[in-house]
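User: Please take a close look at the salt bridges in this model. I would like the pairs, their distances and their burial, followed by whatever else helps to place them.

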Amino acid sequence: MINVGRTPRTPERPPPDRPASHGAVELLPRVLDALPVGIGVFEHSNDDFRFRYGNRALASVLMLDRMPSDGQSVREVFRDEQDAIIELFRLVRVSREPQTYFAAAGGRVPEENQIWNIDAYPVFSAGRVSYIMVLAEQTDEKLQARQRELLEANRLRQKADHLASLEKAKSEFLRLASHELRAPAAMLGGYLSMIEDESLGPIPEWLRPVLPLLKAKTAQINLLANEMVEAARLEDGRLQLKRKRVELRELLRRSLTDAEPNATPKHRLRFDDRVGHELWVLGDPMRLEIVMGNLVDNAIKYSPAGGDVTAQVSAVGGLAILSVRDQGIGIAAEDMSRLFVRFSRLAPFGEVPGTGLGLYLARELARLHGGDIVAVSKPGKGSEFTLSLPLESGTT
Ligand code: ADP
């Protein structure tokens with residue numbers, strides 16, 4: 001394994017010349033010889049690097065027969081590794097930063113099981129890299145650290161691949177399931193309508209009380225199938241809005257009425273009109289119905305103990321503001337960031353049916369309309385989801 005890269009250490013430029021006491025200068029070579037790390041200094045001249053100094057450990061760390069002689073070229077000093085070291089020195093010279101070279105067993109090192117780590121530092125004079133100082137170590141510590149890094153990188157890559165394949169499987173499932181679900185759901189709805197308007201004959205008495213429930217459940221399946229189709233379209237970039245003039249108060253009121261069968265006697269569905277006149281947007285009515293249907297259905301679903309579910313409509317500046325407020329279970333602060341994530345369901349959802357697609361879809365659809373959805377919530381106190389949509393120009 002051979003590797004060349006930036007060393008994490010910061011370059012230390014030599015201090016400006018300053019007078020050193022005679023004793024310290026004499027002491028320095030002995031101090032350097034006492035170090036267990038190989039130190040070598042190479043001078044840059046005529047596009048080559050020539051050996052100028054080495055401490056005692058240098059020869060043994062580099063497995064050399066003897067200390068290189070003064071002026072020997074870098075090629076002669078690092079015979080087996082010359083290409084890599086020349087490249088290392090070139091990098092130091094060009095980047096003017098320290099660089100690291102790493103060679104381990106299995107690479108072209110002098111002996112098996114030998115591991116080198118060579119850090120090369122630029123030494124400047126008159127702003128030029130005139131010397132390169134190398135610190136050479138024979139240690140497996142850095143190898144182990146490097147191997148750990150590689151293992152970790154591999155593990156993360158595998159995990160990312162795995163997640164990507166799960167993501168792909170989810171999308172594939174969405175596409176398949178939505179198609180399989182839609183046709184039978186539409187057929188059920190069709191038959192129920194025919195039963196209701198007695199096109200298939202008089203409604204038997206026993207069926208009357210269960211008919212609304214059957215219709216509500218079928219509507220739920222239809223909504224689910226539609227959500228899945230829409231989410232699949234969004235993912236493929238195939239979702240195109242069919243815009244026309246839509247009156248929002250009417251749409252919101254209808255969403256409340258459609259949701260009535262899902263509410264329990266403990267729920268009070270309220271419509272709070274703060275504008276008192278029509279509010280027009282240029283939007284896709286079917287998609288806006290999905291958005292509002294979702295917010296109202298959620299408000300009912302996630303307030304199992306009942307309470308007010310208030311749909312409020314107002315306008316601010318050029319925006320229509322539609323909010324749906326409940327007094328339900330609420331959402332923990334740490335879960336807020338996952339609310340609009342595809343397939344994300346927050347604890348405790350227990351017996352509440354759902355796919356985790358609704359809010360994702362609702363916000364994407366709102367954004368396609370140039371609007372947005374935001375949520376505020378307090379656990380145990382309830383939630384409020386606010387949809388903003390740009391009004392058709394000229395209306396307020
Ligand atoms: P689901 O199909 O699960 O209802 P949604 O995308 O509509 O999917 O919502 C995602 C999650 O956000 C839900 O599973 C639920 O945990 C939480 N949530 C949505 N609306 C509310 C609400 N009004 N009150 C509390 N939690 C909610």
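Analyst:
**Salt bridges and their surroundings**

Arg-338 and Asp-335 join their side chains in a salt bridge, with 3.1 Å from N to O. This is a predicted model. The two partners differ in exposure. Arg-338 is partly exposed, because its relative accessibility of 37% falls between the cut-offs of 20% and 50%. Asp-335 has 12% relative accessibility, so it counts as buried.

That pair belongs to a wider set. The structure holds 24 salt bridges. One of them links Glu-392 to Arg-245. Their closest N and O atoms are 3.1 Å apart. Glu-392 sits in the segment after strand E13 (382-390), while Arg-245 sits in strand E7 (residues 244-247), so this contact ties together parts that are 147 residues apart in sequence. Burial again splits the pair. Glu-392 is buried, with a relative accessible area of 18%. Arg-245 is partly exposed, at 47%.

Another bridge connects Glu-247 and Arg-249. Here the closest N and O atoms are 3.9 Å apart. The cut-off for a salt bridge is 4 Å, so this pair counts. Glu-247 is buried, and Arg-249 is buried too.

Some charged residues form a network rather than a pair. Glu-230, Arg-233, Asp-284 and Arg-287 are linked by salt bridges in this way. The general background is brief. Side chains of opposite charge can pair when their charged atoms come close.

Next, the helices. Helix H6 covers residues 211-236. Its axis comes within 10 Å of the axis of H9, and the two cross at roughly 55 degrees. H6 and H9 are therefore oblique to each other. Their crossing is left-handed.

Helix H8 (residues 285-301) also packs against helix H9 (residues 358-368). The angle is about 140 degrees, and the axes are 9 Å apart. That makes H8 oblique to H9. The limit for roughly antiparallel is over 145 degrees, so an angle of about 140 degrees stays in the oblique class. The crossing of H8 and H9 is left-handed.

Now two C-alpha pairs. Ala-311 is in strand E10 (residues 307-316). Ala-311 is buried, with a relative accessible area of 1%. Its C-alpha atom is 5.7 Å from that of Ser-323, twelve residues away along the chain.

Asp-47 lies in the loop between strand E2 (38-45) and strand E3 (48-54). Asp-47 has a relative accessible area of 67%, so this residue is exposed. The C-alpha atoms of Asp-47 and Arg-90 are 9.6 Å apart, with their positions 43 residues apart along the chain.

Last, a nonpolar feature. Met-187, Tyr-191, Met-194 and Leu-200 make a nonpolar surface patch of about 430 Å². Met-187 belongs to helix H5 (residues 141-196). Met-187 is exposed, with a relative accessible area of 55%.

To return to the request: the bridges described include Arg-338 with Asp-335 at 3.1 Å, Glu-392 with Arg-245 at 3.1 Å and Glu-247 with Arg-249 at 3.9 Å. Among their residues, Asp-335 is buried, Glu-392 is buried, and Glu-247 and Arg-249 are both buried. Arg-338 is partly exposed, and Arg-245 is partly exposed.

Key:
Residues numbered from 1 in each chain as written. Predicted model: local features only at pLDDT ≥ 70, side-chain atom pairs only at ≥ 80, totals over all residues. Heavy atoms only, no water. Patch = residues over 30% accessible without salt bridge, like charges linked within 9 Å, V, L, I, M, F, W, Y side chains within 5 Å. Areas by Shrake-Rupley, 256 points an atom, 1.4 Å probe, with all protein chains shown as cover. Helix = DSSP H or I, 4+ residues; strand = E, 2+ residues; numbered from the N terminus. Buried < 20%, exposed > 50% of the residue type's maximum accessible area, 1.4 Å probe, protein only. Axes fitted to C-alpha atoms, helices over the stretch in contact; angles between N-to-C directions. Parallel < 35°, antiparallel > 145°, perpendicular 65-115°, else oblique. Left-handed = near helix turned anticlockwise from the far one by under 90°.
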